[in-house]
Structures are given as C-alpha cells and as structure tokens.
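Thanks for asking me to look this one over. My notes follow as numbered points, to be read with the model open beside you.

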Amino acid sequence: MNRLNRIVALCGGAVGFAGACIVAVLLVVTIFAPEIAPFDPLQVNIQNQLLEPGDTYWLGTDQSGRDILSRIVWGSRASLMVSAFAVIIGLAGGVPIGLVAGFYRGGWLEQAIMRVLEAVSAIPVLIWAIALVGILGVRNIDLGPITISNEAKLLALLGLLYIPTLARLTYTTALIESQANYVAARRLQGVTGARIMFSDVLPNCLSPVIVQATLLLAIGIIIEAAISFVGLGVQPPTPSWGNMLASARDYLLSGEWWLSVFPGAAISLTVIGFNLLGDGLRDRFDPRHTTAAGVAA
Amino acid sequence: MLVLFFRRAAFSAFSLLVVSLLLFVLTRSIPDSPARIVLGDQATEQQIAQFERDHGLDQPIIAQYLSWIGNLTLRGDLGRSFTTGLDMNKQVVDTLPVTLEIVAVAFVAATAASVMLGDRLCAVPRRRSRLLRAANGGDRSLCSRFWIALVLILAFAVERDWFPPGGFIPISQDLGGHVRSIALPSFCLSIFYMAVLTRMTRSSLLEVLGQDYMRTARATGLHPARVLLYALRNALVPVVTIAGVSFGHMFGWALIIEQIFSIDGLSRALLTAILRRDYAMVQAVVMIFTLVFVGANLLADLANGWLNPRLAAAAE
C-alpha cells in the first residue's frame, strides 16, 4: 500500500496516476500488438465488409472486411512511434541548444539562436508539418542504401519542429539557473564552464522539460492523426488512427458509425492519458508552471 | 505605446523574413524541379533549360527570392504557379474569405464564451475546483477536432438533418443555408479554444479578484458589475495573448475542418496544391498563413498595451 502511495505521489496525485495508467495500458497494447490483436489488420475479407460490432468482431469491420479492433491495436504503433521518436529528436536537439544559449548568455550567438527560434515558432507545428511534408512529397525518399519511409520522414520533421519549443523552454530555465550561487561556487572550485553546464545546470533545467515532453507526446499523436487524416501521413493499407478516420469519412453519411467512432475514441483516450500524466508531473516537478499548457499544437 | 508597436512590428517583420527565406530555400532545393513535374520524364535537357529560363528558375536563388519578395510586398502579387499556370492571387481571393469567415466566427464564439463562462466559473467553490482541474486533461482531448467533427456530423447531419453534412453555401445564395453550413465547422474549430480560454479567464480573474485594489474597489461601494469590469480589464492580459495565438492555430486547424466538411477554403487549396506538387502555391499559402499568425500576435500585443498601459511603458 505504501509503495502504491509513493507511485501515485510520483505521478503528481490521483489525476496524474490515472493518466499514467492509461499510458501504461497503451504501451502494453503497442508492444504486444501481434498477441493482442484478434485478427490480421491487413486481411481483406469482402464477405465480412461493414459488419456491425458483434461477438466475432467486437468493434465491427471496415469497408474491406478488416477487423477494426485489430487495426486500432496495430494503429497504436504508428501513432506512438511517430510521437515518441519525434519527442526524442526534439529533446536531443532542443535541450543542448537552449542550454548553451542560456548558459553563455549575452553573446551574439545567444541572440541569433533565440531570435531565429522565436521566428520559426511563429507558425504552429501543424502548418509547418503539413507544408514540409507537402514540399518533400508523400512518397518514400530513396537515398541509395537506405529508403526513408513516410512515417520516418514525418517523425523526423516533427522532431525538428519540436526543437524550438524545447530549446526556448530550456533556455528560460538555464538563464535563471546559470546565475545561481552554486554555479559561482563551482567556478571558484576551478571547474570549466562546459562541465558546470552539463553536470550542474542541466539536471536543474530538466523538470519543466520532462513535463513539456509529456505534453508534446499528446500533441504528436494529434498531429500524426491529423496529417494521416488528410492523406499526407501513414499511407494505407498500413493502419493508423488518422487514416482509419479518413476512410471512415466516406461511410459516415450511410450510417456506418463504428468506422469513425472507435478510432477517434482511441485518439481521444490516448491524448487524455498523456495530458493527465503531464498535468500530474507538472504539479510534482514544476509547481511554478513554467511550461506552456495552452494551445501548443 | 508607439515604442511597443514598433518593437513588436520589427519582430513580426523579422519572423516573416525568416519564414519566407526558409520556405523559399526549401521549395527550391527539392530534388524534382518544377520543369520535370510539368514537362514529364521524357523532356530533353534543352526543353528543361528553356522552361527554367522562361520562369526565371535559372537565376541564382537569392535573385529569385528578391524578385519574389519584391513582387509580394510592393505589388501584393503572388505571381503565377509554375506547375499549373494559374494566377495565384485569384486562387487566394476565391478561397481566403471562406476560411476567414469560419475562423472569425469560431474565434468570436470562443472568446465571447470564455469571458462569459470564465467569470461564472469563478464562483465555483474551491472544494469543487479539483473537479475542474481533472477536467483540464479532458478538455485538452478536445484537440482531436476531426473526431468531434465526425461525431457531430453523425449526430446532427445524418441522424437528424439540422445541419448539412458538408459543403459551403455562399451568403449571396441563401442566408439561412449559409448560416447552417458554417455552424458545425465553426463550432468544431472553436470548442477546444473555448475550453482553453475559459480556463485561462477563470484563473486569471480569480487572481485579480484577490488583489487588494479589488477589495478597495468593492469597499468604496462601486456597483458589482463595475468592479467586475475593472477586474476583467486586468485579468484579460494573459487571455488576450493566448487568444492571439489561438487565432493563428484555428487557421491551421481549419485545414482539417475544411477537409471534413468539404469546404473550398484556403486550407483546401493548400492540400490540393500539395497533391498536385504545386510548390509555388504551397509557398504562397503558407506565406499567407504566416502573415495571419504574425498579424494576430501583433494585434494581441497591441491590445494588451491598451488594456494594461504598464506593459507599454515597460517597453520604453
């Protein structure tokens, strides 16, 4: 019981814990998709097309007779992979940039980096992402030995687009932290600047970054779904929640509601999970609320 | 105030410059050139060279950029698309008002609702505010606007025919039909921002109402409505900032909403351009989006300078 209490406290209370549970279930579903999905998500079966939810097909079948539950389970892979790797790229790029700009403040480098990042963040991530995917084209990019699939391209682009957000956040904290007394103390000990930056300032900047990263995970899922929805993301027949909704659009008017309701519910539940977890973590690690919750999408 | 204006305007201009440069370099550095797209794979080197000479694509990239930005800023001319040969100004004039109307209606609905609801919600006792907090995570799930749109179509256009399931009816054709055709799209766009802005108004207003000067205002026997008016003026500063950002974001999400409701707006023109690989048009539309975002943020900053003169004074 005591241990459970500690876990709940780590997630920032009951709200955060509820979010953590949803995220945990999602992770299990994503990792064990082959075991959990009752049918092959790509198996076309014309006889079974557009069946209502029932005993065999719990969530019904789509226009090609494919099991919707299995497609949702497999679709979680596309959504989560794009979203998670994008955040990793954003962290890897944004945190060092923000840290350097904040620690070596006052230089022209700081000014140049931060002004350009601010200018780039003038456009929402969604528009940048759609414009960039549009410019690069929807096809796979062939680079001789390696082919870059559309999903890989999407996650790389999203990751790049997260860099300004995360860099600016790290910058704000690093700016304050690098003026703290402990930094001066370390300098007097004769520790070099770069060393202080990474081993002393960086750990103290991470709390808001972790919180923001959790919220970006939710945003990434929405953006992936939105881009797949307009046909520029994950390409059929590979299932993703966004492209399932896109094909469901055509069956809305004829009353096949299960095609659109269930994938959409999966998106919403996932987003709620990450957001609740993010809110909880924010209360735990960032009580001053430096991270932007508002409209970052 | 003037200093604030020039500062913000200079920053806006800088944003526009960076974004336009980035876009320009990106669209010019993609592997398949417009000449290849238009003339096809069979075209000879000579034909391609001819095409590039005709459209000025053989110039150095910086010269191309300067002539493009010059035409855009001095004459407001987006030029003709290389790939489709269509006049891009006309395409924008045809589609922008539709998007602008939907977004504007959504924006007004979101801000009006947030100010009205936000001040009602201030009265919610602290005990129950935990429930409000839990709703925070929930209301952000409203982000999946495309799903909400689908469900609303299902409920109000398929099950009952209160609203048309899609399409856009111009105001000149049928006023009632026009209102009904933009009601659902605007609502889908605004609902998420309604939630965000309401929450912001509430927390900001609660903070201001707790200030000493508000107690003084009440103690002097001012009418409660007048007290609230003073409080709002102070509380709205963060709300206005977020509202400015929201306007730009709504423009972005209009892309998805227009796709769902089959409305021929600017966002849809962007998607069509992407599918046609009409990069000149992609560039033009994104540039217009940027203008709207930057403009909305600038207006929000100025509104804040007016709401709270201390902000304007701080800039000097």
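1. Let me begin with burial in chain B: of its 316 residues, 39% are buried. For chain A, the buried share is 51% of 297 residues. Please keep in mind throughout that this is a predicted model.

2. On confidence, chain B has a mean pLDDT of 80, with 91% of its residues at 70 or more. Within chain B, the element with the lowest mean pLDDT is helix α6 (residues 126-140), at 57. At the other end, helix α9 (residues 212-219) of chain B has the highest mean, 88. Where pLDDT is low, predicted coordinates should not be read in detail. I would keep that in view when looking at α6 of chain B, given its mean of 57. For the complex, the predictor reports an ipTM of 0.80 and a pTM of 0.84.

3. Next, the overall make-up of the chains. Chain B contains 13 helices and 0 strands, so to speak an unbroken run of α from the N terminus on. Chain A comes to 11 helices and 2 strands. Read along the sequence of chain A, six helices lead into the two strands, and five helices follow them, in the pattern α-α-α-α-α-α-β-β-α-α-α-α-α.

4. As for extent, the C-alpha atoms of chain B occupy a box of roughly 85 × 60 × 40 Å along the principal axes. The C-alpha trace of chain A spans about 75 × 55 × 35 Å along its own principal axes. Taking contacts in chain B between residues at least 6 apart in sequence, 74% link residues at least 24 apart. For chain A, the corresponding value is 74%.

5. How do the two chains meet? The contact involves 47 residues of chain B and 43 residues of chain A. On the chain B side, the elements that each supply at least two residues are α1 (2-28), α6, α7 (145-159), α8 (175-209), α10, α11 and α12 (279-307). Which of them gives the most to the side of chain B that touches chain A? That is α10(B), with 11 residues. By class, this side of chain B has 31 nonpolar, 13 polar and 3 charged residues. Note that α6 of chain B, one of the contributors, is also the element of chain B with the lowest mean pLDDT.

6. Helix α10 of chain B (residues 224-260) deserves a second look for its packing against helix α11 (residues 266-276) of chain B: the axes lie 8 Å apart, at an angle of about 85°. An angle between 65 and 115 degrees counts as roughly perpendicular, so α10(B) is roughly perpendicular to α11(B). From α10(B), the residues B:A254, B:L255, B:E258 and B:Q259 meet B:S267, B:R268, B:L270 and B:L271 of α11(B). This contact is mixed in class, with 4 nonpolar, 2 polar and 2 charged residues.

7. A helix pair in chain A makes a useful companion case. Helix α6 (residues 125-136) of chain A and helix α9 (residues 193-229) of chain A cross at roughly 40°, their axes coming within 11 Å. At that angle, α6(A) is oblique to α9(A). The crossing of α6(A) past α9(A) is right-handed. On α6(A), the residues involved are A:V125, A:L126, A:A129, A:I130 and A:V133, and they meet A:I223, A:A226 and A:I227 of α9(A). By class, the contact of α6(A) with α9(A) has 8 nonpolar residues, no polar and no charged.

8. One residue I would click on is B:S186, which sits in helix α8 of chain B. Is B:S186 buried or exposed? Because 23 other C-beta atoms lie within 10 Å, B:S186 is buried. Apart from neighbours within four places in sequence, B:S186 is in contact with B:I102, B:V105, B:A106 and B:A109. Another serine, B:S15, is 171 residues away along the chain, and the C-alpha atoms of B:S186 and B:S15 are separated by 28 Å.

9. Finally, the start of chain A. Helix α1 (residues 2-10) of chain A is hardly covered, with 0 buried residues among its 9. After α1(A) comes A:G12, whose phi is positive, near 85°.

Definitions and conventions: Residues are numbered from 1 along each chain as its sequence is written. Chains are lettered from A and ligands numbered from 1 in the order in which they are written. This is a predicted model: local features need pLDDT of at least 70, side-chain atom pairs count only at pLDDT 80 or more; totals for chains, interfaces and linings use all residues. Axes are lines fitted to C-alpha atoms, for helices over the stretch in contact, and angles run from 0 to 180 degrees between N-to-C directions. Helices (H or I, at least four residues) and strands (E, at least two) are DSSP runs, numbered from the N terminus. Angles under 35 degrees count as roughly parallel, over 145 as roughly antiparallel, 65 to 115 as roughly perpendicular and the rest as oblique. Two residues are in contact if their C-beta atoms, placed from the backbone, lie within 7 Å. Ala, Val, Leu, Ile, Met, Phe, Trp, Tyr, Cys and Pro count as nonpolar, Asp, Glu, Lys and Arg as charged, and the others, Gly among them, as polar. pLDDT is the predictor's confidence in each residue, from 0 to 100. A residue is buried if 20 or more other C-beta atoms lie within 10 Å of its own, exposed if 12 or fewer, and partly exposed in between; C-beta atoms are placed from the backbone. A crossing is left-handed if the near helix is turned anticlockwise from the far one by less than a right angle, and right-handed if clockwise.
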